[in-house]
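Thanks for making the time this morning. I would like to walk you through one model, taking the chains and their contacts in turn, and I will try to keep to what can be read from the coordinates and the records.

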Amino acid sequence: MSKFEFPKSITSRPVWGTLEVRSGEHHLMIAEAEGAEAILDIATPDLMAKTHLIYIPKGTGYAERLRALNSAQFYEGPSYEASLQRIRRVLEDTHMGLQVYLTGTEGMMGQAMSEVMTVGLPHTAIQTEHRGSVARRMQCVHCKGITEDVEVDPFVCAHCGLNLFVRDHYSRRHAAYQGVCVDAEDHGNVPEPKGIYE
Amino acid sequence: MSGAEKIQVKVTEITPLNELVTRFRFERVGGGQLPTFSGGAHTVVEMQDGGITRLNPYSLMSDPFDQSSYTISVRRDDEGRGGSLFMHQQVKLGDEMTISYPVNLFSLDLRARKHLFLAGGIGITPFLAQIKQLDVLHGHWELHYACRNHALASYADQLTDRHPNETHLYYDDQNQAIDLKNLLSGQPLGTHVYVCGPKGMIDWVRNTAAAEGWPEDCIHYEEFLAPKPGKPFEVRLAKSDKIVHVGENESLLEAIEREGVDAPYLCRGGACGQCETVVLDHEGNFVHRDHWLTDEEKAAGKRIMPCVSRFEGKSLVLDR
Ligand code: FES
């Protein structure tokens, strides 16, 4: 089961969609971990012949099935950061009409989305579908440091070590949710961490 | 009073450009500065034509930062209902006229990394102001301008002189046509396309861009529909309790205004949505001509845009 129904929240929280095939001569797909399943769901030979597919496995094993789709280009990157150069080059080299499909965790989709928007595509033109882990990319509001793949609430900031609450406030620019200190008033009084959606 | 705020102006220059197009310059009566505007804005010009008050929208083509005067270019339309003929034949140097504050329904999206302009005929005018605006902002743009022939290509020479690399001209009489599909597919990511010209050209560009995978937010268009003459008809205005006869050469909106009923409007060209009016009852067929209502809304017959649309049939009752 790679799909998850996010509970309703405040408006700053991004809403992810469901991928659908759009017309166009060039397609860029970025699939992280279970996001591969969303690609397998929409792939047709015709579509994949015009697609540059980037897969970030994060320990999953979809590479063979994705490779079998025979996309025009296929790249397997060890991490989002490692794939970034390639993503940037695709965005610089392709022209209007490019369709962008992002699928995987919120952190990856958020970062790729802001990358695509810096070259001038409106965010309404980028399709997304959440799959897999519900872990969040968190920004500490105190030290501004980013902690990736946060699964529990509260958590410890990987940079300044403060105990942080996981908020639904989201920054498109940083592609991260905001983490706020839980024990500022009563130092050391930290609730037992549990899963974000528990 | 509906519409944007009014400005009293004096006609200080009338310049025929070619067989069909004449340029008019307006300055404020008594001197003083006019409001600035952004490229793509239009003004609604009031014309007292016999007993009829005509209000026609024209794109402002002058430098948006120049507050000393506005200029518009009017193409003579011999088949139209007379607004452009009035401008060409009746308006004299020194005349005082009333125009509206600028309203922009066709502004540049300044987030774009490049602006691609497609003009057909007199549709060049909003781009002239936008190009001046982008000159100041050092924006990246390119113009493709299609005309019947060189003689009718208003401002083409001036554009090629000042912007030889950005300006591309196409003349029908030389069988030149914009290679649209290739032009669109060669644009860098982050380009926005703008089209102004005849309806056929606008539809062609919108459909081709959509088929090429351009996001809707990157496609902009403007077409002012001049209201077309049509069969006379009668309309009952329920709120004002009036029966209004709409003549052959006036629009439904003009007829409502003639009867002293204040009705909202902005563009008077079927584009802005301001004049949308609820239909309470009807027996007959609508002649919907606007760009505002969706096809479903048009088919439902519950709304009409009186600035450009008409009615043929037995009875029409509006909530006005
Ligand atoms: S006044 Fe703008 S659509 Fe009628």
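**Two chains and their contacts**

Over residues 4-109 of chain B, the chain is 7% helix and 46% strand, and the C-alpha atoms at the two ends of that span are 23 Å apart. I should say at once that this is a predicted model, and please keep that in mind for every value that follows. The span I began with is one that UniProt, in an unreviewed entry, labels "domain: FAD-binding FR-type".

Staying with chain B, the domain assignment divides the chain into domain 1 (6-102), domain 2 (114-222) and domain 3 (233-318). If we take the C-alpha centres of domain 2 of chain B and domain 3 of chain B, they lie 33 Å apart.

Chain A has a UniProt label as well, again from an unreviewed entry, which places "domain: Dimethylamine monooxygenase subunit DmmA-like N-terminal" at residues 9-126 of chain A. That span is 37% helix and 19% strand, with 22 Å between its end C-alpha atoms.

Let me turn to the interface of the two chains. How many residues of chain B are in contact with chain A? There are 17 of them, and they meet 18 residues of chain A. Together chain B and chain A bury about 1300 Å², of which 58% is on carbon and sulfur atoms. On the side of chain B that touches chain A, helix 4 (180-185) and helix 5 (199-211) of chain B each supply at least two residues. By class, the residues on that side of chain B divide into 8 nonpolar, 6 polar and 3 charged. As for specific pairings, the rule finds 0 salt bridges across the interface of chain B and chain A, while it does find 6 residue pairs in polar contact there, counting pairs in which both residues are at pLDDT 80 or more.

Now to the interior of chain A, which is divided into domain 1 (27-130) and domain 2 (136-195). The C-alpha centres of these two domains of chain A lie 28 Å apart, and the contact takes 9 residues from domain 1 of chain A and 9 residues from domain 2 of chain A. Between them the two domains of chain A bury about 650 Å², with 44% of it on carbon and sulfur atoms. Which three residues supply more than any other three of the area that domain 1 of chain A buries against domain 2 of chain A? They are A:E106, A:G107 and A:Q111, and their share is 49%.

The count between domain 1 of chain A and domain 2 of chain A is 1 salt bridge, and the rule also finds 3 residue pairs in polar contact across that interface, both residues being at pLDDT 80 or more. Helix 5 (residues 106-118) of chain A provides 6 residues, the largest share of the side of domain 1 of chain A that touches domain 2 of chain A. That side of domain 1 of chain A has 1 nonpolar, 5 polar and 3 charged residues.

Two local details of chain A remain. A:K58, in the loop between strand 2 (51-56) and helix 3 (63-67) of chain A, has a phi near 45°, a positive value in a residue other than glycine. A:K58 also forms a salt bridge with A:D149, where the closest N and O atoms are 3.2 Å apart. The other detail is the peptide bond from A:D153 to A:P154, which is cis, with omega near -5°; A:P154 lies in the loop between strand 8 (152-153) and strand 9 (155-156) of chain A.

Conventions
Residues are numbered from 1 along each chain as its sequence is written. Chains are lettered from A and ligands numbered from 1 in the order in which they are written. This is a predicted model: local features need pLDDT of at least 70, side-chain atom pairs count only at pLDDT 80 or more; totals for chains, interfaces and linings use all residues. Side-chain values use heavy atoms; hydrogens and water are left out. Domain bounds come from an automatic or database domain assignment. Contact means heavy atoms within 4.5 Å. Buried area is the accessible area (1.4 Å probe) that two parts lose on being put together, summed over both. A salt bridge is a side-chain nitrogen of Lys or Arg within 4 Å of a carboxyl oxygen of Asp or Glu. A polar contact is a pair of N or O atoms within 3.5 Å; within protein, one must be able to donate a hydrogen and the other to accept it, and residues adjacent in sequence count only if both atoms are side-chain atoms. Helices (H or I, at least four residues) and strands (E, at least two) are DSSP runs, numbered from the N terminus. Ala, Val, Leu, Ile, Met, Phe, Trp, Tyr, Cys and Pro count as nonpolar, Asp, Glu, Lys and Arg as charged, and the others, Gly among them, as polar. UniProt positions are given in the numbering used here, feature names are shortened, and annotations may be inferred rather than shown by experiment.
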